[in-house]
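Hi,

Here is the structure I promised to pass on. Have a look at it first, and my notes on what turned up follow below.

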Amino acid sequence: MLRWLLVSLALALATNVAAFTDTPSPKPKEPSDAPSQCQARAWVRAPDMVPGEVIAGDVKIKLSGQCIDAKSFMLGLRYKEKVFWKLRREDVPIPKRPKLTYNQTVPKNDLFQVRFQDFGSPDYNEAEWRAYENSVQNKDLWSVHEEERIAFEIKSLLADAGRTDPLSRNFTTRFGVLVPNTNYPPGLECRVGSMPNRGETDMASSESIYEYFVEIGFSNGTNSEIPAGITSFTPFYLSTENKAPSINVSLSQAPAHSGFNTKLSKPSADRLWSNYTIEVSFPEGAHVYQNSSVNITAVVHRIGYTNRTDIPVELCASSANGIEWHSQELQNRSLPFTPFIKALVPSMQHPRLSQIAHPVPHFPCSAIKFAATPAHLPHKSHIFSASSEPLSLSLYVGHDAVPDFSMYYQKLGHRVKLDLHIKPDPSEVLDNEFEKIQQETVDADEFDWVPWMPRQTPIQMMPKQTHPRSLFGDTNLLSVVLAQKQGAVRSMPVHYLSDKARQPVFVDSSDIADLRLMLPEERDFVAPVTQPSIKMFAKGEELPRRYFPSDNLRDPIYVGDTWVKKVLPMIAEGQHERDIVDHLFVVQR
């Protein structure tokens, strides 16, 4: 029975694949192709895809208006990813931004003013600003590029109207997806978190999407594509050796804005600052699962002049995304912003998914104690070195942390960011202009007669009127692994960029049980080899965000969230065998 099913599926899929490979770069049909009197909506409920699994889902299609010409429903699923960049020509740098000063030209007691003049009118050198604007807006001085790769697109016919019978206006059916033993990238939450679009800076962004869609065919030969929701993918990882060597992390002056690359921070005005490094190690390994913690041991080393009294008092740690771009154009660029990305996972509202509480803070800190008196360096009596006692930090990684994965346009990873708070030497030069203004505003004997207070530091051991400074460093040793049940021993999936990679395929819901009884190698024979396509967007059509143009978590719908909240509880109530329910959680984490 299983062999016959295997052969019949392979023959049927070979025909379908041949029909879809005539067009190397599939282009979705616009909804405007449909008769304007007919409106349609579609929804899918299905768990996330997992390599080597067969998942079950259902789809609902609802028609409204004059839809008598609708002749067929087809369900589709595709994965696509893109990259965008806007880079300034390195041989023509942007001129320095002119300064603006504001003068109050309209009195605040003018009861008949038309415009809001809280800041007044700006004073500026018109010639300087014109030259600056012309330089920024000159498109010939920028390289703008957008490229898209479609890894797979599959379709399955759901319903075909006969000569007399019209399609149902409220159509619902079940379907199955056979996922080969191929690791595709994890689904990313790209619906929020747009990049700042400042015209005078370089920028790079990427998007990826697993999307279900319904294609409606009409009697006049046109098709209309209706979005049915986005889904996700859970890559499978075999356990590997979890050892990480100790590493010395160099520190630099922390950037003024947390989103900026550290290379953009200005150097210190004080050349006598002490030099700090942090020796970091992971005693239990650097692999950490989602929704769990990793232990970090750190030792702070200081080398400085004997007459300086700066003291490190606190070390804080946090995790952040680490993106390595594969494009040669982006590898040597210091981009001003690092995008913040999360994994697309079901919300934690379901009791089975939220049973683990956050064990530790996201940004742990630890006070620093030096182990011994400073030691003078040989032949340099005016310089000494000192090291702290080992510090222990427990860094929490959220359930939606992005696992490590190498995609077509970028490599996803994680970095441990270290923030060292220092009690400065009294003679240190202030680099913060605002702090200088605060000190110059009032004399020392006037301070007790004004209501404002000096900036407070979060480090309690510092004197109240001490202005702290911070040094920043990071390391990429941390590796985030998906928190998934491993189940039976399996072979490592093929990477989706490999020549041996295969793509998912729709199967009839009635065949799901028999397919799950097959060996993974047998099921892989059913799935066709991938035939990806790449598209370059024409000049002037490039967009930083194409798949998710607006920040809206409700649109498009994440079908995995719907499945967890609306389908899984019903399945769990109707099942008496624990292993069957656990199998569903293997698919959905």
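Leaving aside residues up to four places away in sequence, Val44 touches Asp58, Val59, Leu75, Phe175, Tyr212, Ala228 and Val559. Two of those names come up again right away: Val44, Phe175 and Tyr212 are the residues that touch the most other members of the largest nonpolar core, which has 54 residues. Strand 1 (38-45), strand 2 (54-65), strand 3, strand 6, strand 7 (170-178), strand 9 and strand 10 each put at least two residues into this core. Strand 9 gives the largest share, six residues. As background, nonpolar side chains tend to be buried together in soluble globular proteins. Apart from this core there is another one, of 27 residues, with Val280, Val288, Ala298 and Leu315 among them.

Before you go further, keep in mind that this is a predicted model. The average pLDDT for the protein is 77, and 69% of the residues score at least 70. Two stretches to treat with care: residues 256-269 stay under 50 in pLDDT, and the model has 27 contacts for them beyond four places in sequence. Residues 456-465 also stay under 50, with 17 contacts beyond four places in sequence. Where pLDDT is low, the predicted coordinates should not be read in detail, and I would take those contacts in that spirit.

Now the sheets. Five strands make an open sheet in the order 10-9-3-6-27, with antiparallel pairing. Which strands stand at the edges? They are strand 10 (223-231) and strand 27, each of which has a single partner strand, so one side of each is left without a neighbour in the sheet. From one strand to the next the twist averages 30 degrees. Inside the sheet, strand 3 pairs with strand 9 (residues 203-218) in the antiparallel sense, over 16 bridges. If you want a register check for that pair, Val83 has Ser206 in strand 9 as its bridge partner.

There is more antiparallel pairing further along the chain. Strand 11 (residues 247-250) and strand 13 (residues 275-281) are joined by four bridges and run antiparallel, and here Val249 stands opposite Ile278. Strand 13 is also joined to strand 15, by seven bridges and again antiparallel. In that pairing Val280 stands opposite Ala298, and both of these residues belong to the core of 27 residues.

One backbone oddity for your list: Asn291 has a positive phi of about 60 degrees, although it is not a glycine. Most residues other than glycine have a negative phi. Asn291 sits in the loop between strand 14 (287-289) and strand 15 (292-305), and is buried, with a relative accessible area of 11%.

On to the charges. The count of salt bridges comes to 18. The residue I kept coming back to is Glu146, which pairs with two partners. With Lys82, the closest N and O atoms are 3.4 Å apart. Glu146 lies in strand 6 (residues 142-160) and Lys82 in strand 3 (residues 70-88), so this pair ties together parts that are 64 residues apart in sequence. Are these two buried or exposed? Glu146 is buried, with a relative accessible area of 1%, and Lys82 counts as buried at 1% as well.

The other partner of Glu146 is Arg546, with the closest N and O atoms 2.7 Å apart. Arg546 is in the loop between strand 27 (533-536) and helix 7 (559-574), so its pairing with Glu146 in strand 6 ties together parts that are 400 residues apart in sequence. Arg546 is partly exposed, with a relative accessible area of 27%.

Helix 7 has a local pair: Asp561 forms a salt bridge with Lys565, with 3.8 Å between the closest N and O atoms. The two are four residues apart in helix 7, so they are separated by about one helical turn. Asp561 counts as buried at 17% relative accessibility, while Lys565 is partly exposed at 38%. Finally, there is a network: salt bridges that share partners join Arg78, Lys80, Glu153, Lys155, Glu211, Glu215 and Glu225.

Over to you!

Methods: Residues are numbered from 1 along each chain as its sequence is written. This is a predicted model: local features need pLDDT of at least 70, side-chain atom pairs count only at pLDDT 80 or more; totals for chains, interfaces and linings use all residues. Side-chain values use heavy atoms; hydrogens and water are left out. A salt bridge is a side-chain nitrogen of Lys or Arg within 4 Å of a carboxyl oxygen of Asp or Glu. Buried means under 20% relative accessible area, exposed over 50%, partly exposed in between (1.4 Å probe, protein chains only). pLDDT is the predictor's confidence in each residue, from 0 to 100. Contact means heavy atoms within 4.5 Å. Two strands pair if DSSP finds at least two bridges between them. Axes are lines fitted to C-alpha atoms, for helices over the stretch in contact, and angles run from 0 to 180 degrees between N-to-C directions. A nonpolar core is a set of buried Ala, Val, Leu, Ile, Met, Phe, Trp, Tyr and Cys residues joined through side-chain atoms within 4.5 Å.
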